[in-house]
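Biologist: I have a new structure to look at, and I would like to learn how to read its features one by one. Could you walk me through some of them?

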Amino acid sequence: MKIGQAVKMAAKSIFSNKARSALTMLGIIIGLAAVIVLVSYAQGQNLAMEKLYSSMGTNKISVSAYSWDGSNDVSQLLYDYCMKLSDQVVGFSPNGNVYSRPTIKYGSKTLAQDTGSSGSAVIIGGSAISTSGQDNYPSIYLGNEQYGMCNDYTIAKGRDLSYLDVKNGSQVCVLGAATAEYLFNFANPIDQTITINGMPFRVVGVYDYKGDKSAAPANPEDSNSWVNEVISQMDKMILLPSTMTRYFNDNQPIDQFVVKVRSSEDLRPVITSLKTFLSGVIDPNSGGFGVNSDDVYKEQQGDATAMQQRFLGGIAAISLLVGGIGIMNIMLVTVTERTREIGIRKAIGAERSSIIVQFLIEAAMICGIGGLFGIGVGYIGTLIIGKISFNTILIPSPGITLGAAAISVALGIIFGMYPAIKASGLQPVVALRAD
């Protein structure tokens with residue numbers, strides 16, 4: 001029998017029993033759609049985390065060095081040591097916070113503590129990032145002229161802090177994009193003056209948005225993803241010279257720092273060097289220290305995501321297995337229904353291989369058609385999941401699509417093999433006696 005003729009016969013058999021064929025395909029459709037959606041969802045999570053880590057800065061090391069009574073200020077020692085590692089280190093900055101929420105004013109606009117907002121924090125790379133975001137109140141950071149470079153902020157207007165700003169304790173500031181937009185709207189904020197607890201600060205620069213402006217809305221309540229919410233919080237910030245700590249936090253020394261290295265290959269050697277240095281500087285009886293990198297956590301997150309993809313794919317594969325068993329079941333029914341046809345074909349000289357090919361083609365066509373519908377449903381489901389979960393257009397990778405198509409045809413061949421062999425093994429005399 002020619003392949004073309006076998007295909008025509010298989011199509012005729014499938015479409016002559018439309019309802020039964022549709023129900024048989026349903027298992028394959030659901031199984032493939034589940035595989036595509038779940039694996040794509042895991043990939044979407046990975047992309048979201050990559051976006052978050054990228055916005056936080058790459059090749060960056062977070063350092064904490066503190067004493068129990070707050071008297072041990074190691075910032076200058078740490079700065080001098082990092083400068084000795086200039087072959088590996090390209091930047092160093094204090095990474096302090098103003099822990100109180102002072103009142104911020106510009107003209108008629110005021111940003112103050114909102115006691116009615118319920119806040120939370122997400123732990124990323126060992127640091128807590130606020131996601132309270134129930135208002136437009138910015139985080140106030142204390143850093144130096146290298147703060148923007150170390151944390152992957154880029155200047156959109158004006159300039160960054162300078163060395164003299166920090167050394168002289170100048171009352172200047174750099175605004176995050178969302179803070180500048182809220183306070184100044186469409187006006188140019190450069191050289192304008194804002195007040196923080198009544199103390200004037202001249203705006204010398206504005207950082208660009210972390211990612212797309214639409215992905216970092218001024219109000220995180222409008223965000224469909226906690227990742228976008230965290231990125232939004234990064235844009236709601238004000239940077240002051242680190243020497244301004246004398247006016248804030250009860251003049252406590254800054255104990256958080258960020259170190260920028262040249263490449264990812266330098267991360268682990270520099271981390272080891274910093275730990276060795278700090279262990280010789282800080283007395284464990286009166287203080288402590290910690291050194292970590294978001295990139296290390298990113299690697300761990302990638303491993304966890306890969307494991308999650310395999311787990312979700314395995315769960316969805318169970319649906320495919322059930323669908324394949326359904327294919328085998330319906331093909332056995334088809335063999336029973338067409339026993340006389342098989343007997344007649346064998347009586348007039350049909351070879352056993354042609355019978356096998358005919359039923360395998362029919363099983364493969366059922367799975368192939370079901371697979372196409374499953375891929376379509378999977379694409380639609382992925383688009384919906386991407387919009388709801390990540391507020392983005394999420395499309396299954398070509399690898400997943402091609403793999404799904406190959407799996408659907410392979411299922412037809414695998415689960416159609418036993419019915420086809422059974423059909424080809426019927427004796428003509430026995431088959432012709434069937435009703």
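Modeller: Gladly. Let us begin with how two helices cross: in this predicted model, helix α3 passes helix α8 in a right-handed crossing.

Biologist: At what angle do α3 and α8 pack, and how far apart are their axes?

Modeller: The angle is about 145°, and the axes are 11 Å apart. To find the two helices, look for residues 75–84 for α3 and residues 267–281 for α8.

Biologist: Which residues of α3 and α8 meet?

Modeller: From α3, the partners are L77, L78, Y81 and C82. On the α8 side, they meet S273, L274, F277, L278 and V281. By character, the residues of this contact divide into eight nonpolar, one polar and no charged.

Biologist: That contact has no charged residues. How many salt bridges does the structure hold?

Modeller: There are three salt bridges. The general idea is that side chains of opposite charge can pair when their charged atoms come close. Take K260 and D152: their side chains meet in a salt bridge, with 2.7 Å from N to O.

Biologist: Where in the chain do K260 and D152 lie?

Modeller: K260 is in strand β14 (residues 256–261), while D152 sits in the loop between α4 (147–150) and β9 (155–158). The pair therefore ties together parts that are 108 residues apart in sequence.

Biologist: Are K260 and D152 buried or exposed?

Modeller: The idea is to look at the relative accessible area, where buried means under 20%. K260 has 9% relative accessibility, so K260 counts as buried. D152 has 30% and counts as partly exposed.

Biologist: And which side chains meet at 2.8 Å, N to O?

Modeller: Those are D165 and R159, another salt bridge. Here D165 counts as buried, at 7% relative accessibility, whereas R159 counts as partly exposed, at 33%.

Biologist: Which residue forms a salt bridge with R202?

Modeller: The partner is D191, and the closest N and O atoms are 3.0 Å apart. R202 belongs to strand β12 (residues 199–207), and D191 to the loop between α6 (177–184) and β11 (193–196), eleven residues apart. R202 is partly exposed, with a relative accessible area of 34%, and D191 is partly exposed too, with 49%.

Biologist: Now a single residue, please. Where is T382 found, and what does T382 touch?

Modeller: T382 is found in helix α11 (residues 352–390). Leaving aside residues up to four places away in sequence, T382 touches I36, V37, S40, L394, I395 and P396. T382 is buried, with a relative accessible area of 1%.

Biologist: Which residues does A404 touch?

Modeller: With the residues up to four places away in sequence again not counted, A404 touches L32, I36 and I375. A404 lies in helix α12 (residues 398–424) and is buried, with a relative accessible area of 3%. The C-alpha atoms of A404 and G368 are separated by 9.9 Å, and these two residues are 36 residues apart along the chain.

Biologist: Last, the whole chain. How many helices and strands does the protein chain have?

Modeller: The secondary structure comes to 13 helices and 15 strands. Of the 435 residues, 47% count as buried. Among contacts between residues at least 6 apart in sequence, 81% join residues at least 24 apart. The accessible surface comes to about 20,800 Å², and 58% of that surface belongs to carbon and sulfur atoms.

Key. Residues are numbered from 1 along each chain as its sequence is written. This is a predicted model: local features need pLDDT of at least 70, side-chain atom pairs count only at pLDDT 80 or more; totals for chains, interfaces and linings use all residues. Side-chain values use heavy atoms; hydrogens and water are left out. Helices (H or I, at least four residues) and strands (E, at least two) are DSSP runs, numbered from the N terminus. Buried means under 20% relative accessible area, exposed over 50%, partly exposed in between (1.4 Å probe, protein chains only). Contact means heavy atoms within 4.5 Å. A salt bridge is a side-chain nitrogen of Lys or Arg within 4 Å of a carboxyl oxygen of Asp or Glu. Accessible areas come from the Shrake-Rupley method with a 1.4 Å probe; for residues, only the protein chains shown count as cover. Axes are lines fitted to C-alpha atoms, for helices over the stretch in contact, and angles run from 0 to 180 degrees between N-to-C directions. A crossing is left-handed if the near helix is turned anticlockwise from the far one by less than a right angle, and right-handed if clockwise. Ala, Val, Leu, Ile, Met, Phe, Trp, Tyr, Cys and Pro count as nonpolar, Asp, Glu, Lys and Arg as charged, and the others, Gly among them, as polar.
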